[in-house]
Amino acid sequence: MNPPKTTLWISPEILSKLMYYAWSVDAEVGGYGRLSFDEEENDIFIEDVFIVKQEVCQTECTLSKEGLSELFEEFIANGEEDKIGEVTLWWHSHKDMAAFFSGTDDECMRTWPGKYVVSLVINRKMEMKASLMTKTPLLIVGDIDVRIDWLDVPNREKIEEDIEKKVIETKTVIPIKNKQQELMHNYAFNTAKGKSFHDMTDDEWAKVEKELDKDEEKFWEKYVDEYLEEDFKM
Ligand SMILES: [Zn+2]
């Protein structure tokens, strides 16, 4: 049985916030986030990310317990107690270093106080890696996909409307319906030095037609052979 695939989805807005933290602090930096779950798709969404009080250096960021309780107190003060239980994302930036989970990071995941945690490591180049740890019924840690939901862009309808109004896709070739048309097209293309027969003037096409009539049988033989040869190459 193939296990269902799990993706951690990041909106462009959350991504900007993460990148802002990563580029504004000249060291590692990290924090927490709120998650929501799509049980049908087996996917995870980041609802928000935030930082807490922490000591940072080039290779580590130590989030303080005091910082986390301050965050929870803030939720309570705003009447958002229910958000506390949604804080199950732990993220940090590796600044310019590769995005991977170090031994210290693994230890952090394993010692997470809750029953599960989604971990996200990023860097300034927008490289990302995500992992899910669960303690129920046994400890399991596994990598999950992480993707940016580029469709979740502000004013998406306006952008789509703009594209619809202003972008015209030009057709270079009229769809070829059968083999004979394709052969003719190829022949004409070669004869008229790279010009598609759809783009030819009447005179040019008349010239090609004349050529075609000259030795039609020989022409078809040659081109059918070449065509088949090409087909069976695969
Ligand atoms: Zn790390």
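What share of the 234 residues in the protein chain is buried? In this predicted model, the figure comes to 17%. The chain folds into seven helices and nine strands. Contacts tell a bit more about how it is put together: counting those with a separation of 6 or more, 56% link residues that sit 24 or more positions apart in the chain.

The strands are a good place to start. Seven of them close up into a barrel, and going round it the order is β1-β3-β2-β6-β7-β8-β9, with mixed pairing. Within this sheet, neighbouring strands are turned against each other by 35° on average, direction ignored.

Both senses of pairing turn up around β9, which covers residues 140-148. On one side, β9 meets β1 (residues 7-10), and the two run parallel, held together over four bridges. One of the residue pairs here is L8 with V146, the latter being its bridge partner in β9. With β8, in contrast, β9 pairs in the antiparallel sense, this time over five bridges. Here L132 has G142 of β9 as its bridge partner. Getting from β8 to β9 takes a hairpin, and five residues make up the link.

Next come the helices, beginning with one that packs on strands. Helix α3 (residues 103-110) lies across β6 (87-93), β7 (116-122), β8 (128-134) and β9. Relative to β7, helix α3 runs at about 155°.

Helix α2 takes up residues 65-77, 13 residues in total. How far apart should the ends of α2 be, at 1.5 Å a residue? The expected span is 18 Å, and the end C-alpha atoms are indeed 18 Å apart, so the two values agree. In an α-helix there are 3.6 residues a turn, so residues three or four places apart point the same way. As for its surroundings, is α2 buried or in the open? The number of buried residues among its 13 is zero, so α2 lies largely in the open. A residue would need 20 or more other C-beta atoms within 10 Å of its own to be called buried. Just past the end of α2 comes G79, which takes a positive phi of about 70°.

Key
Residues numbered from 1 in each chain as written. Predicted model: local features only at pLDDT ≥ 70, side-chain atom pairs only at ≥ 80, totals over all residues. Buried ≥ 20, exposed ≤ 12 C-beta atoms within 10 Å, placed from the backbone. Contact = placed C-beta atoms within 7 Å. Expected span 1.5 Å × (residues − 1). Pairing = 2+ DSSP bridges. Axes fitted to C-alpha atoms, helices over the stretch in contact; angles between N-to-C directions.
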